[in-house]
Amino acid sequence: MRLDKYLATYAQMSRKEAKKAVREGRVSLDGEAAVREDGKVTDGQEVCLDGVVIRAEEFVYYMLNKPAGVISATSDRIERTVIDLVDAKGREIFPMGRLDRDTTGLLILTDDGALAHRLLSPRYHVEKVYEFWYEGQLVPDAVRLAAEGIDIGEKTPAKPALLELPDSPESSARLTISEGKYHQVKRMAAKLGGHVTQLRRVSFAGVVLDEALQPGEYRPLTEEEVIHLREAGKG
């Protein structure tokens with residue numbers, strides 16, 4: 001990898017700042033001052049910035065509080081995507097799963113393709129928790145029906161899910177599912193008598209949305225949160 005790209009990727013700085021740091025003599029390779037910003041960093045080389053070793057992360061993981069009106073894609077010629085919201089410092093990240101354009105809340109972005117593949121595989125039954133608001137009135141035995149598995153028009157019913165209803169009269173609910181069928185929460189709610197008007201994901205694979213993040217804001221996952229993901233990916 002080019003030295004300036006390495007610094008931009010792993011030292012949380014822009015490519016312009018990286019080039020400037022090399023020119024100012026603040027960067028060293030294996031103890032020797034780096035002289036070329038386009039020089040190559042090879043495996044095993046020690047890169048230092050201002051005397052501090054810059055270690056390469058194998059993968060990166062970001063938590064995004066996805067706002068409405070943004071699509072869960074890596075690129076689009078017309079629509080704004082979740083990738084446009086995150087400065088990944090040159091890493092080629094992608095969303096771990098998808099949220100509908102109008103759905104908000106927790107979305108994890110990463111460049112760890114193997115882990116993403118496992119977590120999104122139906123084989124692992126990764127839990128996802130949603131909050132939703134609805135119009136209409138849910139049937140009296142909605143909680144039981146969700147727990148038994150609702151027929152939403154697929155070849156097989158949806159897997160058993162945990163539906164939690166608040167004590168307040170507000171038309172909202174919390175649903176924990178372990179699969180990711182198309183528009184699953186909306187379709188399940190419709191079968192129970194409600195029309196979803198607002199949908200928000202608050203947890204994925206044991207990682208809980210940081211409520212300090214405003215819509216459109218993001219942060220790197222903590223080490224503990226990454227461990228949660230990896231444990232969930234073990235099945």
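Which backbone oxygen does the side chain of Thr81 reach? Keep that in mind for the first close-up, and remember that this is a predicted model throughout.

**View 1. Thr81 and its surroundings.** The side chain of Thr81 reaches the backbone oxygen of Ala73, at 3.5 Å. You'll find Thr81 in the loop between β5 and β6 (94-95). Is Thr81 buried or exposed? Thr81 counts as buried, with just 1% relative accessibility. Leaving out residues up to four places away in sequence, Thr81 touches Val70, Ile71, Ala73, Thr74, Ser75 and Asp76. So Ala73 turns up twice here, once for its backbone oxygen and once in the list of touching residues, with the buried state of Thr81 (under the 20% cut-off) alongside.

**View 2. The largest nonpolar core.** Nonpolar side chains tend to be buried together in soluble globular proteins. The largest nonpolar core here has 33 residues, and the members that touch the most others are Ile93, Phe132, Leu163, Leu175 and Met188. Which elements give two or more residues to this core? They are the strands β5 (61-66), β7 (104-110), β8 (128-136), β10 (172-177) and β11 (194-204), plus the helices α4 (142-148) and α5 (184-191). There's a second, separate core too: it has 18 residues, including Tyr124, Phe204, Leu213 and Leu229.

**View 3. Helix α5, one side in and one side out.** Look for Gln184, Val185, Met188 and Ala189, which are the buried residues to spot in α5. They cover an arc of only 130° around the axis, so they sit on the same side of α5. The face turned away from that buried side carries Ala190 and Lys191, which are exposed. What covers the buried residues of α5? The cover includes β8, β10 and β11. Zoom in on Met188 and, skipping its neighbours within four places in sequence, you'll see contacts with Ile150, Ile152, Ala158, Ala161, Leu175 and Ile177. Just after the helix comes Gly193, with a positive phi of about 105°.

**View 4. A salt bridge between two strands.** Side chains of opposite charge can pair when their charged atoms come close. In this view, the side chains of Arg174 and Glu164 meet in a salt bridge, at 3.8 Å from N to O. Arg174 belongs to strand β10 and Glu164 to strand β9 (residues 162-164), so the pair ties together parts that are ten residues apart in sequence. Arg174 is partly exposed, at 31% relative accessible area, and Glu164 is partly exposed as well, at 35%.

**View 5. Arg219 and its two partners.** Which residues form salt bridges with Arg219? One is Asp210, with the closest N and O atoms 2.8 Å apart. Another is Glu225, where the closest N and O atoms are 2.9 Å apart. How do the three stand in terms of burial? Arg219 counts as buried at 18% relative accessibility, and Glu225 is buried at 12%, whereas Asp210 is partly exposed at 22%.

**View 6. A network of charges.** Step back from single pairs for this one: Arg2, Asp4, Arg15, Lys19, Arg23 and Glu37 are linked in a network of salt bridges. How many salt bridges does a search of the whole structure find? The count is 23.

Methods: Residues numbered from 1 in each chain as written. Predicted model: local features only at pLDDT ≥ 70, side-chain atom pairs only at ≥ 80, totals over all residues. Heavy atoms only, no water. Core = buried A, V, L, I, M, F, W, Y, C linked by side-chain atoms within 4.5 Å. Buried < 20%, exposed > 50% of the residue type's maximum accessible area, 1.4 Å probe, protein only. Helix = DSSP H or I, 4+ residues; strand = E, 2+ residues; numbered from the N terminus. Contact = heavy atoms within 4.5 Å. Salt bridge = Lys/Arg side-chain N within 4 Å of Asp/Glu carboxyl O. Polar contact = N/O pair within 3.5 Å; in protein donor to acceptor, adjacent residues only side chain to side chain. Arc of directions from axis to C-beta.
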